[in-house]
Amino acid sequence: MRRVFGLTVRLAALTMVPTLVILATILLALHSFGEYRATVSQLSERHTHALMTASRLMQQSESMLGSGAMLLLADDHFSRRQALFEIADRREWMERLVDELAAIRGEAGSFDDIERVRDQLMESFDALDALVQRRIDLVGQLQQAPDETSDALLRETERLLARQMRTNRSLSQDLSVAIGYHVSGIRLDIRDAAEQMEQQLRQREGALKGFALLAVLLLLATAYHINRSVVRRVVKLQRVISRERPAPHELRVDGSDEIAQMARSIQRYVHRINDNERRIMTMNRELDFLATHDALTQLRNRHYFERELNERRNALAAEGYCVAMIDIDHFKAINDTHGHEAGDRVIRCVADRLRRGLPESALLARYGGEEFVALLPGFDIDTVVPMLEQIRQGLESHSIELGETALRVTASFGLAQQLPGGEFDEALKAADEALYRAKRSGRNRVMYRWLSQDDSGDAAYG
């Protein structure tokens, strides 16, 4: 206490100007680091929350396709209504997430595109439901009294269903693009805030340098002992602060007077700044991972799969490939009976089996909900079918322990090979049709479709 008191008295007796300069320097430094801490906190909380909300909204939009597939597979009105309940639940979640994202961003962006595409997607699902309802009714009529007119109507309904599903996929992709626009906007907000913060710090740094220089000149003019007891320590501290990245151990100042206390305060703030910077870098790495991976299975997500496919399109066309669609059987029943946590375990189990069963060169992704897609470059059907069959048998023979219950899970596989000179969409469509046929044929099986040069829908299945 005597040293603090003595320094204060000497400064007050010799000159009030150096005292005011030093106090101004302290306040400016504390204020600058306080603003830096508040900005970092905003970046790590508000914008991160916005990015996570946008990511969840994108996942919900992708899951709508899985719900549409459930509706498409409905064999009776009870199953159809169950699928509609899930679609309604997805829609409610999407509305809630859009409202939450709008509340976070405020006037930073318009959500008209998201709401418009979402409403179009719901209208498309209503049309799909009407077609499924008509198909169920026609199947019932044919079972009671077969006739050619009903059979023709049923075939036409199946064709319209396939077209409606393609429309649903297109609208889901449009919705993902609209959401992606806001994700980009949030990232731009983070970058702008960081640049503004850096500019403010540079301004404050210049002010600190000016105050410190003025203090040095005034103290040198007053007395030699003030120079020894005050100025040299202030200069040392000022030099460290002036660096772009000051090291905390360099901010140590011996003693217990005001200058030492200021150094310890700045040292604590530097520690916090470094900790926050590391935390932000970690969150950025996690966000980059989530942008290309599925959070539940750690597989690639659909967005990455489609982007990678577009970049490798020419190479794949020259090399040749197979594409497989995989869907977990009775997944809705698993969720309803055992809960969503059990459903997540089932999805992770199937993803792990696929990852271990497919070659490393395969591009495996979670396509949406309980559906997976795999691209196998350089492989043909004769080579891939045994792989998929081995995976299918492994799933069938393996049980998942849920407390006292041993749950057995199966999956259906649809496979198609690239038509020479054909586009990937044709192979994917053929694999999807093979998967649909596997589902219709009793599930838990591998079905593949041979494409022909004139692929009009009458291709061979195996």
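What is the volume of the largest cavity? In this predicted model, the largest cavity has a volume of about 130 Å³. A search of the whole structure returns 2 cavities of 30 Å³ or more. The lining of the largest cavity is made up of 15 residues, and those lying nearest its centre are Thr25, Ala212, Val234, Gln238 and Ile241.

It is worth tracing where this lining comes from. Three helices each contribute at least two residues to the lining of the largest cavity, namely helix 2 (17-72), helix 5 (148-222) and helix 6 (224-242). Helix 5 provides the largest share, with 6 residues. In chemical terms, the lining of the largest cavity consists of 10 nonpolar, 3 polar and 2 charged residues.

The chain around these features can be described in a few figures. The chain holds 13 helices and 9 strands, and 46% of its 462 residues count as buried. Among contacts in the chain with a separation of 6 or more, 71% join residues that are 24 or more positions apart. The accessible surface of the chain amounts to about 24300 Å², with 51% of that area belonging to carbon and sulfur atoms.

Helix 8 offers a pleasing example of how burial is arranged around a helix. Within helix 8, which spans residues 302-311, the buried residues are Arg302, Tyr304, Phe305, Glu308 and Leu309. Because these residues cover an arc of only 160 degrees around the axis, they sit on the same side of helix 8. A general point helps here: an α-helix has 3.6 residues a turn, so residues three or four places apart point the same way. Asn310 and Glu311, by contrast, are exposed on the other side of helix 8. The buried side of helix 8 includes charged residues, Arg302 and Glu308 among them.

Another glutamate deserves a closer look. Glu86 is located in helix 3, which covers residues 77-105. Is Glu86 buried or exposed? Glu86 counts as buried because its relative accessibility is 16%, and the cut-off for burial is under 20%. Which residues does Glu86 contact once its neighbours within four places in sequence are left aside? With those neighbours set aside, Glu86 is in contact with Ser67, Met70 and Lys332. Two of these partners, Ser67 and Met70, fall within the range of helix 2 (17-72), a helix that also supplies at least two residues of the lining of the largest cavity.

How values were computed: Residues numbered from 1 in each chain as written. Predicted model: local features only at pLDDT ≥ 70, side-chain atom pairs only at ≥ 80, totals over all residues. Heavy atoms only, no water. Helix = DSSP H or I, 4+ residues; strand = E, 2+ residues; numbered from the N terminus. Buried < 20%, exposed > 50% of the residue type's maximum accessible area, 1.4 Å probe, protein only. Contact = heavy atoms within 4.5 Å. Areas by Shrake-Rupley, 256 points an atom, 1.4 Å probe, with all protein chains shown as cover. 1 Å grid on protein atoms, 1.4 Å probe; cavity = no way out; pocket = protein on both sides within 12 Å on 5 of 7 lines; lining within 4 Å. Points joined across faces, edges and corners; volume = space filled by probe spheres on them. Arc of directions from axis to C-beta.
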